[in-house]
Amino acid sequence: MKARTIALVLLALLATPLASRAILFVDLGDPRANEFTVTYRFTDTQVGSQSMEVLPYDARIEILEAAPEKGGTPLRWERINEGVMGKPKIRVDFPQPVAPGGRYDFRLVAKMKDPNMYFEDSAKLNFLYRTGHEIAVSLPRGFLPLYTDEAMELKQEKERVVLTSKGGKERPVVVFAIRCDGAKPSAAPRTSPASEAPPAGATE
């Protein structure tokens, strides 16, 4: 088991869509620190699969946990090569191969820091991400959503607003929010028309 490591990566699933899937849970921290935590919940159904590889992206990241969903011994993970564009690739190993008709579920938790992906300017909080998977974004306490570039469901959880999207294709996920301490959400955030291009600055 590797010790906690900080590297310039952002994790995205590398496997065939039919054999694996992921759900992302994003917990936005203090925007002044440009930090947020992502929990990736992966499912692999590829018969005989013994590991999963994840790809790099431009963000400063600290791996906090790699563990089976049903509990047990933490999973072994390691950097295996230089990946795409000279950045490291990470492999997470399973305790045994996926059996016929079976599946393997695990989670990978990472703390990220990127002033271009998550920040607060003079008017609003900005979160700019990219994924092809289902995603849930928890806004910091005291913030309400102002704009999303795709339709997202809104709900309240423990005094925080959570926005969710089912995904289904690779796309930018853009969320703008405003600081409204003590306010309660009354409607879904405004979304852009399908023909409208995403705001400048969305990650690739």
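**Notebook: burial, core and aromatic rings**

I looked up burial first and noted that 45% of the 204 residues of the protein chain count as buried. I record here that the model is predicted.

Entry on the surface. I found that the protein chain exposes about 10,800 Å². Carbon and sulfur atoms supply 52% of that area.

Entry on secondary structure. I looked for helices and strands, and the protein chain has zero helices and 17 strands.

Entry on contacts across the sequence. I considered contacts between residues at least 6 apart in sequence, and 73% of these join residues at least 24 apart.

Entry on the core. In soluble globular proteins, nonpolar side chains tend to be buried together. I therefore looked up the largest nonpolar core, given that general tendency. This core holds 41 residues, and those touching the most other members are Leu28, Phe36, Phe127 and Tyr129. Strand β9, residues 104-113, gives the most to this core, with five residues.

Entry on Phe36. I asked which residues Phe36 touches once its neighbours within four places in sequence are left aside. The contacts include Val26, Asp27, Leu28 and Gly29. Ala110, Lys111 and Met112 are also in contact with Phe36, as are Met117, Tyr118, Phe127 and Tyr129. Leu28, Phe127 and Tyr129 thus appear both in this contact list and beside Phe36 among the core residues that touch the most other members.

Entry on aromatic rings. I searched the whole structure and found 11 aromatic pairs. Ring pairs link Tyr40, Phe42, Phe94, Tyr104 and Phe106 into a cluster.

Entry on a charge over a ring. I noted that Lys124 lies over the face of Phe176, at 4.7 Å from the ring centre.

Technical notes. Residues are numbered from 1 along each chain as its sequence is written. This is a predicted model: local features need pLDDT of at least 70, side-chain atom pairs count only at pLDDT 80 or more; totals for chains, interfaces and linings use all residues. Side-chain values use heavy atoms; hydrogens and water are left out. Rings of Phe, Tyr and Trp (its six-membered ring) pair if their centres lie within 6.5 Å; planes under 30 degrees apart count as stacked, over 60 as edge-to-face and the rest as tilted. A charge sits over a ring if NZ of Lys or CZ of Arg is within 6 Å of the ring centre and within 35 degrees of the ring normal. Helices (H or I, at least four residues) and strands (E, at least two) are DSSP runs, numbered from the N terminus. Buried means under 20% relative accessible area, exposed over 50%, partly exposed in between (1.4 Å probe, protein chains only). Contact means heavy atoms within 4.5 Å. Accessible areas come from the Shrake-Rupley method with a 1.4 Å probe; for residues, only the protein chains shown count as cover. A nonpolar core is a set of buried Ala, Val, Leu, Ile, Met, Phe, Trp, Tyr and Cys residues joined through side-chain atoms within 4.5 Å.
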